[in-house]
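Visitor: Please take me through one part of this model at close range. I would like the sheet and whatever packs around it, strand by strand.

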Amino acid sequence: MEAETRKSDCGVVGSPVVHRGFMMVALFLFWYVLSGRSDAKFLVYGAVTAVVTTMVTYPLLLVPNQSQTRRYFVFGVSPLKGLRYFLWLMYQLVLANIDVLLAVTDQELAIDPKVLKFRFTADNPVASVVLANSITLTPGTVTMDVTSDGIYTIHALTPGAAEGVRSGNFPAHVAWLFDEEDDFLLIDDGSDMEVKEERE
C-alpha cells in the first residue's frame, strides 16, 4: 500500500503531504464555519469528514502538464501570493471599469475594438486557466481563444484595454504567482501589421 502511494505521488510538483494537509485544514475550517458547532462529538465528525473528503478528492485535483511528465495541485500556490494577486486583480477591475465607463459615456463613443495575440507558455496548466479567466474577468477584454502552444487571442474594446494587453502586465503577474518563467511575447498588436518579433 505504501509503495503504491509513493508511485502515485511520482511526478507531483510540491509536497503531496503539504497539499493534503492544506486541504484537510481548509475543509475542516469551512465545515466549522458552516456548522457553528464546537461540541467534541461534532468536531470529531468534521475532522473525519475532512480527512475522508481529502483522501477521495486529492487525486482529482492533480492536473498534468502538456507533456504528461508532471502533475500540479490545483491549489498549489502560496496563500500570501494568492492574496496579493487577488488584491491586484481587484484593483485592475476597478481601473478597467473606469476605462470602459469613460469610453462608453464619451460623446464620441471612444471605443476602438481590436483583436490582439500574444504568446505565453506555462508548464502549469492552472496558470494558463488563471491568465485566460483573469483577462476575461476584466471589463473591456475577453479571451477568445487559447491554443495548446500558448497563443492567446484577446478582444479589447477600448484603447486602454488594448494597451493593457500589449504591456504584458497580466502574464507577468500570473508567472509570478505560479513561479513560472515570464516569456510573454506580443505577436499581433491589433494594428494592420503583425509584430515580427520571434522568440530567441
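Guide: Start at Val115, which stands opposite His155 in S6. This is a predicted model, so read every value below as computed. Another pairing in that stretch joins Lys114 to its bridge partner in S6, Ala156. Together S4 and S6 run antiparallel, over six bridges.

Now look to the other neighbour of S4. Strand S7 covers residues 185-188 and pairs with S4 in the antiparallel sense, here over three bridges. Lys117 is a good landmark: Asp188 in S7 stands opposite.

Put the strands in order. The sheet is open, has four strands and reads S5-S6-S4-S7, with antiparallel pairing. S5 and S7 are at the edges; each has a single partner strand, so one side of each has no neighbour in the sheet. From one strand to the next, the twist averages 30 degrees. In general, strands of a sheet pair through backbone hydrogen bonds, either parallel or antiparallel.

Next, the helices. H5 lies across S4, S5 and S6. Its direction is at about 145 degrees to S5.

Helix H6, residues 159-167, also belongs in this picture. Its buried residues are Ala161, Ala162 and Val165. They span an arc of only 100 degrees around the axis, which places them on the same side of H6. The general rule helps here: an α-helix has 3.6 residues a turn, so residues three or four places apart point the same way. What do the buried residues of H6 pack against? Strand S4 (114-119), strand S5 (141-146) and strand S6 (151-156) are on the list, along with helix H4 (79-105). Just after H6 comes Gly168, with a positive phi near 75 degrees.

Go back to H5, residues 125-137, and add helix H7, residues 169-177. Their axes come within 10 Å and cross at roughly 145 degrees. The crossing is right-handed. On the H5 side, the residues are Ala127, Val130, Leu131, Ser134 and Ile135. They meet Phe170, Pro171 and Val174 in H7. By class, this contact has seven nonpolar residues, one polar and no charged ones.

Between H7 and S7 there is a loop, and Asp179 lies in it. Check its backbone: Asp179 is not a glycine, yet its phi is positive, about 55 degrees. Most residues other than glycine have a negative phi. Asp179 counts as exposed, at 62% relative accessibility.

Gln68 gives a second case. Its phi is positive too, about 60 degrees, and again the residue is not a glycine. Gln68 sits in the loop between S2 and S3. With a relative accessible area of 60%, Gln68 is exposed.

That loop leads to another sheet. It is open and has three strands in the order S1-S3-S2, with mixed pairing. Strand S1 (12-13) and strand S2 (62-64) are its edge strands, and each pairs on one side only. S1 and strand S3, residues 71-73, pair in the parallel sense over two bridges. There, Val12 has Arg71 in S3 as its bridge partner.

Technical notes. Residues are numbered from 1 along each chain as its sequence is written. This is a predicted model: local features need pLDDT of at least 70, side-chain atom pairs count only at pLDDT 80 or more; totals for chains, interfaces and linings use all residues. Side-chain values use heavy atoms; hydrogens and water are left out. Axes are lines fitted to C-alpha atoms, for helices over the stretch in contact, and angles run from 0 to 180 degrees between N-to-C directions. A crossing is left-handed if the near helix is turned anticlockwise from the far one by less than a right angle, and right-handed if clockwise. Contact means heavy atoms within 4.5 Å. Ala, Val, Leu, Ile, Met, Phe, Trp, Tyr, Cys and Pro count as nonpolar, Asp, Glu, Lys and Arg as charged, and the others, Gly among them, as polar. Buried means under 20% relative accessible area, exposed over 50%, partly exposed in between (1.4 Å probe, protein chains only). The arc is that of the directions from the helix axis to the C-beta atoms. Two strands pair if DSSP finds at least two bridges between them.
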